[in-house]
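Q: Could you take a close look at the salt bridges in this predicted model for me, and then walk me outward from there to the surface and the interior? I work at the bench, so a connected account would suit me better than a list.

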Amino acid sequence: NMGGGVAQIFIVWCLCKPFQAMGMSVDLSWRVSMLIPAVCYLIIAVVMKQKCWDTPTAKRFDLSMTGKTSKASMWDYLECLKDPRIVIMIFQYSACFGTQLAMNA
């Protein structure tokens, strides 16, 4: 997962090092530099939710556009787990994410 590695390099050289140069300790500068992308992510999410359209033809997604009359229930989501391809994809993603966490620890 190259994106995770690039993000770690960006955090260290573009955020952590300048905070250390301003006099913060190594531990505090690392923690503060982790907050910067999180805040940026939240700001971008709010702006996208307010400014972007949900579909090419409508500002907000309406369930009635699909012809359905009710929202999906928990049983509808559990029904998806009958497909072995979905279960395999879940395990592959969780293994990849777990490996990335272990490598970054």
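A: Happy to. The structure, which is a predicted model, holds two salt bridges. In one of them, the side chain of Lys82 meets that of Glu79, with 3.4 Å from N to O. In the other, Asp83 pairs with Arg85, and here the closest N and O atoms are 2.9 Å apart. Both pairs pass the test because a salt bridge requires a side-chain nitrogen of Lys or Arg within 4 Å of a carboxyl oxygen of Asp or Glu. As general background, side chains of opposite charge can pair when their charged atoms come close.

How open to the surroundings are these four residues? Lys82 has 63% relative accessibility, so Lys82 counts as exposed. Its partner Glu79 is at 45% and therefore counts as partly exposed. In the second pair, Arg85 is exposed, with a relative accessible area of 64%, whereas Asp83 is partly exposed at 23% relative accessibility. The cut-offs behind these words are simple: buried means under 20% relative accessible area, and exposed means over 50%. Asp83, at 23%, is therefore not counted as buried.

Now look at the stretch of chain that carries these pairs. Helix α3 covers residues 74-80 and helix α4 covers residues 84-104. Leu81 has its place in the loop between α3 and α4. With a relative accessible area of 42%, Leu81 is partly exposed. Leu81 also belongs to a nonpolar patch on the surface, together with Met74, Trp75, Tyr77, Leu78, Met89 and Ile90. Taken together, the residues of this patch have about 810 Å² of accessible area. Helices α3 and α4 each supply at least two of the patch residues, and the largest share, four residues, comes from α3. Leu81 can join the patch on the accessibility count because membership asks for over 30% relative accessible area, and Leu81 has 42%.

It helps to set that region against the whole protein. There are four helices and zero strands, and from the N terminus on the elements run α-α-α-α. The protein exposes about 9,000 Å², with carbon and sulfur atoms supplying 71% of that area. Buried residues make up 9% of the 105 residues. As for contacts between residues at least 6 apart in sequence, 12% of them join residues at least 24 apart.

Which residues sit at the buried end of the scale? Ser33 and Ser29 are two to look at, with Ser33 at 0% relative accessibility and Ser29 at 0% as well. Ser33 lies in helix α2, which covers residues 26-51, and Ser29 is found in α2 too. Both serines count as buried because their values are under 20%. Leaving aside neighbours within four places in sequence, Ser33 is in contact with Ile11, Leu15, Cys16 and Phe19. On the same terms, Ser29 is in contact with Cys16, Phe19, Gln20 and Met24. Cys16 and Phe19 thus appear among the contacts of Ser33 and among those of Ser29. Ser29 also makes a polar contact, side chain to side chain, with Gln20 at 3.4 Å.

Cys16 brings us to the cysteines. Cys16 is itself buried, at 6% relative accessibility. Cys40, by contrast, is partly exposed, with a relative accessible area of 40%. Cys52 is partly exposed as well, at 36%, and is found in the loop between α2 and α3. Beyond its neighbours within four places in sequence, Cys52 is in contact with Val47, Lys59 and Arg60. How many disulfides are there? The count comes to zero, which means that no pair of cysteine sulfur atoms lies within the 2.5 Å cut-off. For reference, a disulfide is a covalent bond between the sulfur atoms of two cysteines.

How values were computed:
Residues are numbered from 1 along each chain as its sequence is written. This is a predicted model: local features need pLDDT of at least 70, side-chain atom pairs count only at pLDDT 80 or more; totals for chains, interfaces and linings use all residues. Side-chain values use heavy atoms; hydrogens and water are left out. Patches are made of residues with over 30% relative accessible area and no salt bridge: like charges are joined within 9 Å, nonpolar side chains (Val, Leu, Ile, Met, Phe, Trp, Tyr) within 5 Å. Accessible areas come from the Shrake-Rupley method with a 1.4 Å probe; for residues, only the protein chains shown count as cover. Buried means under 20% relative accessible area, exposed over 50%, partly exposed in between (1.4 Å probe, protein chains only). Contact means heavy atoms within 4.5 Å. A polar contact is a pair of N or O atoms within 3.5 Å; within protein, one must be able to donate a hydrogen and the other to accept it, and residues adjacent in sequence count only if both atoms are side-chain atoms.
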